[in-house]
Amino acid sequence: MSDLFVPAAEQAAAESAQSPLHVAMVAPPWFELPPRGYGGTEAVVAALVDGLVDRGHQVTLVASGSHRTKATRFHRVYDVPPTERLGDPAPEVVAAAEAARVLADADVDLVHDHTLAGPLLARGRRQPTVVTTHGPVAGSDGDYYERLGASVDVVAISASQRRLNPALNWVGTVHNAIDVRSFPYRADKDDYVLWLGRFSPQKAPDLAIEAARAAGRRIVLAGKLNEEPERCYFSERVAPLLGPDAEYVGEADATLKRELLAGAQALVFPIQWEEPFGMVMIEAMATGTPVVATRRGSVPEIVVDGATGVVVDDVAELPAAIHRATELDPAAARRHTLEHFDIPVMAAGYERVYRMLVEGTRSIRDITALGSAAEAAG
């Protein structure tokens, strides 16, 4: 099976125009597209919808909440997204049923499903079903995708994710992206470093606080704190560390998130698991803020060590890394994000996957390896 990777921005722009495709996009039901606050997968799906429409394609979107993307057609699963029911399987099943109803007689070239339950319907479909794996691909999740077999065509969001389970029916690797120009660029920074994410041991905000304190820097924390495990973790591990130099400001909406990222001297990202793609890293770099991160998951593919951030092998190295990061050129981070993680790049990458499957030409292009972000930038 050929290996298909996202092209660089200049390659995407140079690709010749072809006949438009009609893509059915099935989004998770939990948040609106784009999300007003937390919702990494939903943000990516919304960006992809808009990017594909901008490239001349038709998109039929199945999602919850308001119609806030450029989708050609929109079919609503829930009027109000059932965010408070995260973890309950019923909304996923309802979303799959709605997608099946909508797409039963739809004249689409392929279905791109970002949900958990939806891919179960792929075997009864004449069109290809593309599945992007936004989360783990090992353990029970990996077992599920393996059992789906060739009924779905799986796209990874990083090379590191793909390596974790080579048994899946991989057809490509396309990095996530954001609308870079929607993030304000600031070369002048304020007097704090930032942690932004979901409160969990995997995201390690407690390690971020300790590193910032050891570096003599004030840290601001903003993140999702509405599920019971998150509240327990926060009260046990994070709250005792807060103080004048470590402030929690709540969950950041789109506006506050951009303000915090743009003003930070560095984003501290002490990730403690093999995260397939950390959206907050490219959001930070888009504002000219360098990323200080542990070398886990997709980090080496996203952050150019010594140019757009500092990557360390041990949390003990984080304080020194924070000092190093504040000396980096903010413009380099912005430039790198525009070149590799902007919406047109992602949309072009998925378009190439789609055409490969629709035309039945899996050898359309064999781009062998997307190494580290440094190699991609070089």
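**A tour from an aromatic pair to a buried strand**

Y248 is partly exposed, with a relative accessible area of 26%. Select this residue to begin; the model in the viewer is a predicted one.

Next, add F234 to the selection. The ring centres of F234 and Y248 lie 5.1 Å apart and the ring planes meet at 55 degrees, so the pair is tilted. The two residues belong to distant parts of the chain: F234 sits in helix α7 (residues 228-238) and Y248 in strand β10 (residues 246-248), with their positions 14 residues apart in the numbering. Is F234 buried or exposed? Its relative accessibility is 13%, under the 20% limit, and F234 therefore counts as buried.

Now extend the selection to W195 and F199. Together with F234 and Y248, these residues form a cluster linked by ring pairs. In the structure there are seven aromatic pairs.

The next stop is strand β12, residues 291-294. Which residues cover its two faces? V291 and A293 lie on one side, V292 and T294 on the other, and all four are buried.

Keep β12 in view and select its partners in turn. Strand β11 (residues 267-269) pairs with β12 in the parallel sense, over three bridges. Within this pairing, F269 stands opposite A293. Strand β13 (residues 309-312) also pairs with β12 in the parallel sense, over four bridges. Here A293 stands opposite V311. A293 thus offers a convenient point from which to look toward F269 and toward V311.

To see how the chain passes from β11 to β12, select helix α9 (residues 279-286) as well. β11, α9 and β12 make up a right-handed β-α-β unit.

Finally, clear the selection and display the whole protein chain. How many helices and strands does it contain? There are 14 helices and 13 strands. The C-alpha trace spans about 60 × 45 × 35 Å along its principal axes. The radius of gyration is 20 Å, which agrees with the value near 21 Å for a compact globule of 378 residues.

A surface display makes a suitable last view. The protein chain exposes about 15,100 Å², of which carbon and sulfur atoms supply 51%. Of the 378 residues, 57% are buried. Among contacts between residues at least 6 apart in sequence, 67% join residues at least 24 apart.

Definitions and conventions:
Residues numbered from 1 in each chain as written. Predicted model: local features only at pLDDT ≥ 70, side-chain atom pairs only at ≥ 80, totals over all residues. Heavy atoms only, no water. Buried < 20%, exposed > 50% of the residue type's maximum accessible area, 1.4 Å probe, protein only. Pairing = 2+ DSSP bridges. Right-handed = clockwise from strand over helix to strand, strands pointing away. Rg over C-alpha atoms; globule rule 2.2 N^0.38 Å. Contact = heavy atoms within 4.5 Å. Areas by Shrake-Rupley, 256 points an atom, 1.4 Å probe, with all protein chains shown as cover. Phe/Tyr/Trp six-rings, centres within 6.5 Å; stacked < 30°, edge-to-face > 60°.
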